[in-house]
Amino acid sequence: MEKAVRPPKMERITTKALADVFIEKQIKEIRKQVGDKKVLLALSGGVDSSVVAALLIKAIGKQLICVHVNHGLMRKGESEQVIEVFGRELGANLIYVDATDRFLDLLEGVSEPEKKRKIIGGEFIKVFDEEASKLEGISFLAQGTIYPDILESDGVKAHHNVGGLPDDVQFELVEPVKLLFKDEVRVVGEALGLPHNMVYRQPFPGPGLGVRCLGAITRDRLHALREADAILREEFDKNGLAGKVWQYFIAVPDFKSVGVKDGKRYEGWAAIIRAVNTTDAMTATIEEIPYPLIHHITDRITCEVAGINRVMVDVTPKPVGTIEFE
Ligand code: XMP
């Protein structure tokens with residue numbers, strides 16, 4: 001990756017007015033760089049790729065081709081939101097690939113975390129490559145590289161970039177937010193009119209729910225995890241915790257225990273709640289969730305999600321745990 005150095009005097013983008021100036025400047029630069037050529041972008045729906053997509057749509061419209069690969073490990077509603085926001089509202093040239101079966105078939109029976117990550121990362125590149133090779137006349141590849149990615153590209157976060165693309169791609173890069181920090185990307189995203197929940201999304205690993213569906217992924221347990229996670233997010237939103245907690249999610253281990261439901265024996269999985277606060281993701285503390293809310297979430301998950309018969313709370317800080325429960 002080309003190293004970019006943020007000019008020492010570059011003003012931090014903290015307001016809509018500053019974001020608007022940045023946007024206008026980038027639109028000019030993108031048009032100058034791209035001309036009448038076509039640009040390809042892997043649009044995950046995460047903050048960075050979404051902001052780059054919105055910026056490029058503004059600058060070059062249909063010359064941008066977005067590819068959204070649904071690996072089947074997205075959170076509830078995420079791929080749908082990408083289609084709604086970019087396909088319908090912004091009128092993007094969007095290719096949606098539902099590759100769920102490809103990913104889940106490959107992951108069948110694989111329980112080792114790093115092996116799962118490698119399979120997901122490798123297959124993502126394959127699917128994206130296949131889509132790219134179907135297109136003609138693409139000269140540029142847009143990427144949501146942000147400044148910390150450049151600073152950390154040799155360090156700890158390197159192994160996280162699962163959605164990375166092969167080294168032999170022959171495109172010139174378009175990286176309009178590569179000098180920005182995450183909070184600045186968010187301000188720019190809001191100025192571009194992207195939905196608040198997309199721009200302020202909590203961090204989410206590239207391999208998605210694949211890392212939280214512990215052990216070998218099965219479709220029924222993945223479904224239970226997705227539904228339980230949606231309930232947790234909804235309750236955190238409603239109860240004012242969403243803006244206070246840095247990252248919160250459910251993990252579901254691959255064993256069942258005995259429970260009782262409607263007077264009958266009911267074997268099910270446990271849903272494990274994890275909610276942490278951190279500033280740099282290198283260390284993390286546990287956010288206290290009020291007990292009445294834990295009871296309410298427990299009631300909802302055990303009543304509404306088929307296959308779950310227990311709810312637990314992980315109270316392990318990082319270290320000794322990692323943020324993810326993998
Ligand atoms: P851990 O679990 O290592 O995670 O304490 C630190 C932070 O990184 C996020 N994470 C990822 N982010 N791609 C990403 O972009 C990944 O593959 C990935 N894996 C973990 C994790 O969610 C936490 O915020």
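Two strands pair if DSSP finds at least two bridges between them. The model discussed here is predicted.

Q: Which residue of S3 stands opposite Ile65?
A: Strand S2 covers residues 64–70, and six bridges join S2 to S3. These two strands run parallel. Opposite Ile65 stands a residue of S3, Asn93.

Q: What is the order of the five strands in the open sheet?
A: The pairing in this sheet is parallel. Its edge strands are S3 (93–98) and S5 (172–174), each pairing on one side only. From one strand to the next, the twist averages 30 degrees. The order is S3-S2-S1-S4-S5.

Q: What angle does helix H1 make with S5?
A: Helix H1 spans residues 16–34. Helix H1 lies across strand S1 (38–42), strand S4 (138–142) and S5. Its direction relative to S5 is about 165 degrees.

Q: Which strands does helix H5 touch?
A: Helix H5 (residues 113–134) packs on the sheet. The direction of H5 makes about 160 degrees with that of S1. The strands touched by H5 are S1, S2, S3 and S4.

Q: Is Asp48 buried or exposed?
A: Asp48 is found in helix H2, residues 47–60. The relative accessible area of Asp48 is 13%. Buried means under 20%, so Asp48 counts as buried.

Q: Which residues does Asp48 touch, not counting those up to four places away in sequence?
A: Asp48 belongs to helix H2. Leaving out residues up to four places away in sequence, Asp48 touches Gly144, Ile146, Lys182 and Val185.

Key
Residues numbered from 1 in each chain as written. Predicted model: local features only at pLDDT ≥ 70, side-chain atom pairs only at ≥ 80, totals over all residues. Heavy atoms only, no water. Helix = DSSP H or I, 4+ residues; strand = E, 2+ residues; numbered from the N terminus. Buried < 20%, exposed > 50% of the residue type's maximum accessible area, 1.4 Å probe, protein only. Contact = heavy atoms within 4.5 Å. Axes fitted to C-alpha atoms, helices over the stretch in contact; angles between N-to-C directions.
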